[in-house]
Amino acid sequence: MINVLMFGPPGSGKGTQSVTLAKKYNMLHLSTGDMLRAELAAGTELGRKMAAIMSAGELVPDEVVIAMIAQKIDSTTGKTGFIFDGFPRTVEQADALQNMLKERGMKIDLMLVLDVNDTELMDRMKKRALVSGRADDADEAVINNRIAVYRAKTEPVIDYGRRAKVSRTVEGIGSIDDIFVRLCRHIETII
Ligand code: ADP
């Protein structure tokens, strides 16, 4: 099993690229954002509790996403590995993931970091707001907060990957296809 972490700020294209990478390499795409939005859409108690946090662009509690991920890892069969998208988002989540994988005889094999500047990010998010219907895309202050939360809480996880020598920075500007090729090149080195 190979485990790939997809990193990058909101709007960097993690989700788009993760879906196609997962198909190509028969991996399971695990997006905590998608899982949380599914809870919201289904109107579960958890979804209702998380709604305000998400629409403010803040992070939901670590234990919530850690439990979601553990459940998915344990219920998956027939895949070559996992692509983690939007998780881990804090150093605590990264520690939890590392332990979870270790207990199951796996490790983090690769961390792909999409590099996109803030001006381009704002531009993309404004365009996405017109089609996504997401409350957290609709408001410029919330988008700014999500980028700030990323810089403060999630970027330290990249140092974690650097120390473990698994992180690779990938230029996240260009056509979707070109970026896909860049990402595939790195995945090919671990399979
Ligand atoms: P984006 O990367 O575009 O910000 P996501 O779909 O990954 O969007 O996440 C949307 C929201 O869901 C986040 O702003 C946060 O509130 C919540 N969320 C998703 N993943 C996590 C996580 N790993 N830890 C805490 N909160 C999360």
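**Ligand site and surrounding pocket**

A nitrogen atom of the ligand lies 2.9 Å from a backbone N or O atom of G86. This distance, like every other value reported here, was computed from a predicted model. A second contact to the protein backbone involves V60, of which a polar backbone atom is found 3.1 Å from a nitrogen atom of the ligand. The side chain of R146 also takes part, with one of its polar atoms placed 3.0 Å from an oxygen atom of the ligand. Taken alone, the ligand would expose 550 Å², and the protein buries 96% of this area.

The shell around the ligand consists of 19 residues, of which T32, R37, E58, G86 and Q93 come nearest. G86 is thus among the nearest residues and also supplies one of the backbone contacts described above. By residue class, the shell comprises 8 charged, 7 nonpolar and 4 polar residues. Helix 2, which spans residues 32–42, provides the largest share of this shell, namely 4 residues.

The ligand occupies the space of the largest pocket. The volume of this pocket is about 1,100 Å³. Its lining is formed by 47 residues, and those closest to the centre of the pocket are P10, G11, K14, R128 and R134. Several elements each give two or more residues to the lining: strand 1 (2–7) and strand 2 (27–31), together with helix 1 (14–24), helix 2, helix 6 (118–132), helix 7 (140–163) and helix 8 (176–188). Helix 2 therefore appears in the description of both the pocket lining and the ligand shell, as the definition of these elements by residue runs allows. The lining divides into 17 polar, 16 nonpolar and 14 charged residues.

Two features of the backbone were also noted. The peptide bond from F87 to P88 is cis, with an omega near -5 degrees. P88 belongs to the loop that lies between strand 3 (81–85) and helix 5 (91–103). The other feature concerns N26, which has a positive phi of about 55 degrees although this residue is not a glycine. N26 is located in the loop between helix 1 and strand 2, and both of these elements give two or more residues to the lining of the largest pocket.

Notes
Residues are numbered from 1 along each chain as its sequence is written. This is a predicted model: local features need pLDDT of at least 70, side-chain atom pairs count only at pLDDT 80 or more; totals for chains, interfaces and linings use all residues. Side-chain values use heavy atoms; hydrogens and water are left out. A residue is near a molecule or strand if one of its heavy atoms lies within 4 Å of it. A polar contact is a pair of N or O atoms within 3.5 Å; within protein, one must be able to donate a hydrogen and the other to accept it, and residues adjacent in sequence count only if both atoms are side-chain atoms. Accessible areas come from the Shrake-Rupley method with a 1.4 Å probe; for residues, only the protein chains shown count as cover. On a 1 Å grid over the protein atoms alone, a cavity is a set of points where a 1.4 Å probe fits but cannot get out, and a pocket is an open set with protein on both sides within 12 Å along at least five of seven lines; lining residues have an atom within 4 Å of a point. A molecule sits in a cavity or pocket if more than half of its atoms lie within 2 Å of its grid points. Ala, Val, Leu, Ile, Met, Phe, Trp, Tyr, Cys and Pro count as nonpolar, Asp, Glu, Lys and Arg as charged, and the others, Gly among them, as polar. Grid points are joined across faces, edges and corners, and a volume is the space filled by probe spheres set on the points.
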